[in-house]
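Work through the exercises below with the structure open beside you, and try each task before you read its solution.

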Amino acid sequence: MLNIVLFGPPGAGKGTQSTRLLEKYGLVHLSTGDILRAEMNAGTALGLQAKALIEKGELVPDEVVIGMIDNKISSSANKNGFIFDGFPRTTPQAKALDVVLTNKGTGISCMLSLEVPEEELITRLLGRGAVSGRADDQDQNTIINRIKVYNEQTLPLKDYYKAQGKYVAIEGVGTVDSIFESLCEAIDGVSA
Ligand code: AP5
Ligand code: MG
């Protein structure tokens with residue numbers, strides 16, 4: 001199986017590139033952000049709990065997102081693999097993911113990290129906020145907090161995957177096509 005952690009700060013292009021990668025490699029897209037937004041739109045108890053945190057740019061508790069991912073992986077019949085987008089975001093999440101995949105007889109193939117400077121992230125997210133309706137894109141302070149939370153709680157995962165020899169940095173500024181090409185090169189290198 002090809003199991004990719006597509007990593008990067010808010011606005012790095014994880015969702016944009018996931019759509020293309022899953023088509024090319026026949027993977028299942030697991031975006032915890034998308035799953036949480038679907039719960040919010042459906043007005044479930046989980047959605048309500050998540051909404052308050054997402055609107056402040058804070059993370060949803062580990063046990064909530066780990067449970068969601070565990071369900072999705074266990075119920076998937078796809079044999080090619082998964083793209084994890086926006087997950088894991090903390091060390092406990094990364095450890096839990098390793099356990100779930102090991103139990104399935106597989107593991108993470110690589111962590112592709114989209115590197116984008118902060119000013120570019122803010123420009124992209126404010127730009128999307130004008131059209132997306134995403135509450136966490138509307139306000140510059142929320143966007144800045146999302147980046148701060150990423151730097152404090154999520155960035156340490158680079159070292160987690162570096163220690164396993166799975167971290168690959170990808171230049172995340174440029175055209176969507178050129179970044180897609182760099183991602184494919186990295187994936188083909190890993191799976192060759
Ligand atoms: P999540 O939905 O994961 O959002 P995020 O990480 O903040 O990232 P985005 O989806 O905003 O950005 P992206 O990297 O996907 O970029 P995109 O392709 O959209 O999480 C939202 C919230 O849910 C979190 O804050 C947290 O509260 C909660 N949550 C989610 N997962 C969690 C977890 N595991 N644990 C705990 N809490 C969790 O692109 C962004 C914009 O840039 C778009 O407009 C796009 O068109 C544009 N763009 C893309 N590529 C380029 C390019 N090359 N050049 C110019 N513009 C570009
Ligand atoms: Mg996204």
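**Exercise 1: The cavity**

About 70 Å³ of space lies in the largest cavity, where a cavity is a set of points on a 1 Å grid over the protein atoms alone at which a 1.4 Å probe fits but cannot get out, and a volume is the space filled by probe spheres set on the points, with grid points joined across faces, edges and corners. The model is predicted, so local features need pLDDT of at least 70 and side-chain atom pairs count only at pLDDT 80 or more, while totals for chains, interfaces and linings use all residues. Residues are numbered from 1 along each chain as its sequence is written, chains are lettered from A and ligands numbered from 1 in the order in which they are written, and side-chain values use heavy atoms, with hydrogens and water left out.

Task: describe the lining of the largest cavity.

Solution. Begin with the residues: 13 of them line the largest cavity, and Gly-8, Lys-14, Gly-86, Arg-89 and Thr-154 lie nearest its centre; a lining residue has an atom within 4 Å of a point. Next, turn to the elements, which are DSSP runs numbered from the N terminus, helices (H or I) having at least four residues and strands (E) at least two. Those that give two or more residues to this lining are S1 and H7, and S1 gives the most, with three residues.

**Exercise 2: The pocket**

Task: find what surrounds the largest pocket, and which element gives the most to its lining.

Solution. A pocket is an open set of points with protein on both sides within 12 Å along at least five of seven lines, and the largest pocket holds about 780 Å³ of space. Its lining has 41 residues, of which Pro-10, Lys-14, Arg-89, Arg-134 and Arg-146 lie nearest the centre. Among the elements that give two or more residues are helix H1 (14–25), helix H2 (32–42) and helix H9 (176–191), and H2 gives the most, with five residues.

**Exercise 3: The faces of two helices**

Task: decide where the buried residues of H9 lie around its axis.

Solution. First check the length: the 16 residues of H9 should span 22 Å at 1.5 Å a residue, and the end C-alpha atoms are 22 Å apart, which agrees; the expected span is 1.5 Å times one less than the number of residues. Then list the buried residues (under 20% relative accessible area with a 1.4 Å probe, protein chains only; exposed means over 50%, and partly exposed lies in between), which in H9 are Ile-179, Phe-180, Leu-183, Cys-184, Ala-186 and Ile-187. Seen down the axis, these fall within an arc of 165 degrees, so they line one face of H9, the arc being that of the directions from the helix axis to the C-beta atoms. On the other side of H9, Glu-181, Glu-185 and Gly-189 are exposed.

Task: carry out the analysis of buried residues for helix H3 (residues 45–54).

Solution. The buried residues of H3 are Gly-47, Ala-50 and Ile-54. They cover an arc of only 70 degrees around the axis, which puts them on the same side of H3. Ala-45 and Leu-48 are exposed on the other side, while the buried residues pack against H2 and H7, contact meaning heavy atoms within 4.5 Å.
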